[in-house]
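User: I am a first-year student and I should like to take a close look at one part of this structure. Please explain how the charged side chains pair with one another, and then place the aromatic rings beside them.

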Amino acid sequence: MLRIAVQSKGRLFEDTMNLLSEADIKISSSKRTLLVQSSNFPLEVLYLRDDDIPQSVATGVADIGVVGENEFVERGEDAEIISRLGFSACRLSLAIPKDIDYPGLEWFNGKKIATSYPGILRHFMENHGIKTEIHVITGSVEISPGIGLADAIFDIVSSGSTLVSNNLREVEVVMQSEALLIGNKNMDADKRRTLQKMLFRFEAVRSAEDKKYVRMNVPKARLQEIIDVLPGLKSPTIIPLADEEWCSVHTVLDQKRFWEIIGRLKEMGAQGILVTPIEKMIL
């Protein structure tokens, strides 16, 4: 039985549970307790605070864990990064009151900075030769300048709306962060095999993100032109139709270029274009 540590609430919890669900790993959401076992996969979920997850994985309380890169780096625990999961993206940034002129990083010399990430901040400032006073706060860091507790803050930024509502502006991005799957370095062979099965499912889910399965009827006279504009995985599937002058083309398109490519296909005579979302994709 593989044990995964998951944040007990918040956006990272929701994104992690969505990934498990998409991978068809069923976890009961009713009457949630500290430890819940999957009903169809050899996995049990241990719900913890996000800042407890790195230590739990490093010490073997959990075999693997999903944690923000910011927390993993801050805690400095001896666990391995197994995979970058591509969700819960944010950044760790320095922010100051919006009405203050900012000449550059030297502005922070001698200033008091409030943060929940003193380790990352201290390392950054030391590397740049800046001396600051770090004030550690575990709650609402963004209110610190407004109540006179600090001159600036160092905190997580996603959309930036929290900074705006507290009359702050972002001036330095110190670190980009996303969800990581981390693992205990001493995991046994059986658990690693189970982990590989889970990673296979995760990859199938992630490969399908922002992809569309497209089917269309095209005139054979323009088939090669149409194939040339399709950025398929390898090559499109070509199926003959009853009308010998037409054929059906099946392919996968990325959402980012979808409308651009569909427009060109229409100009080339493609008809009856059907578009289907992809749930899983095994590469």
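Analyst: The following account takes the salt bridges in turn and then moves to the aromatic rings.

The model is a predicted one. The count of salt bridges in it comes to 17. One of them joins the side chains of Arg-3 and Glu-44, with a nitrogen-to-oxygen distance of 2.9 Å. This pair links distant parts of the chain, since Arg-3 belongs to strand β1 (residues 2–7) and Glu-44 to strand β3 (residues 43–48), 41 residues apart. As for their surroundings, Arg-3 has a relative accessible area of 24% and is therefore partly exposed. Glu-44, with a value of 13%, is buried, because buried means under 20% relative accessible area.

A second salt bridge brings together Asp-78 and Lys-185, whose side chains meet at 2.5 Å, N to O. Asp-78 is found in the loop between α3 (69–75) and β5 (80–84), and Lys-185 in the loop between β11 (179–183) and α6 (189–207), so this pair ties together parts that are 107 residues apart in sequence. The relative accessibility of Asp-78 is 52%, so Asp-78 counts as exposed. Lys-185, at 45%, counts as partly exposed.

Next comes the salt bridge between Arg-192 and Glu-80, in which the closest N and O atoms are 2.8 Å apart. Arg-192 lies in helix α6 and Glu-80 in strand β5, so the pair ties together parts that are 112 residues apart in sequence. Arg-192 counts as partly exposed, at 28% relative accessibility. Glu-80 is likewise described as partly exposed, with a relative accessible area of 25%.

Salt bridges may also be joined into a network, as they are for Arg-49, Asp-51, Asp-52, Glu-71 and Arg-75.

The aromatic rings may now be considered. A pair of aromatic rings is described by the distance of the centres and the angle of the planes. In this model the count comes to 5 aromatic pairs. In one of these, the rings of Tyr-102 and Phe-108 have centres 5.8 Å apart and planes at 65°, so the pair is edge-to-face. Another consists of Trp-107 and Phe-108: their ring centres are 5.0 Å apart and their planes stand at 90°, so this pair is edge-to-face. The cut-off behind both descriptions is an angle over 60 degrees.

Tyr-102, Trp-107 and Phe-108 form one aromatic cluster. Within this cluster, Phe-108 has a relative accessibility of 0% and therefore counts as buried. Trp-107 is buried as well, with a relative accessible area of 13%.

The rings and the charged side chains meet at Trp-107. Lys-111 lies over the face of Trp-107, at 4.6 Å from the ring centre.

In summary, the salt bridge of Asp-78 and Lys-185 and that of Arg-192 and Glu-80 tie together parts that are 107 residues and 112 residues apart in sequence. Among the aromatic residues, Trp-107 belongs to a cluster with Tyr-102 and Phe-108, and Lys-111 lies over the face of Trp-107.

Notes
Residues numbered from 1 in each chain as written. Predicted model: local features only at pLDDT ≥ 70, side-chain atom pairs only at ≥ 80, totals over all residues. Heavy atoms only, no water. Phe/Tyr/Trp six-rings, centres within 6.5 Å; stacked < 30°, edge-to-face > 60°. Buried < 20%, exposed > 50% of the residue type's maximum accessible area, 1.4 Å probe, protein only. Lys NZ or Arg CZ within 6 Å of the ring centre and 35° of its normal. Salt bridge = Lys/Arg side-chain N within 4 Å of Asp/Glu carboxyl O. Helix = DSSP H or I, 4+ residues; strand = E, 2+ residues; numbered from the N terminus.
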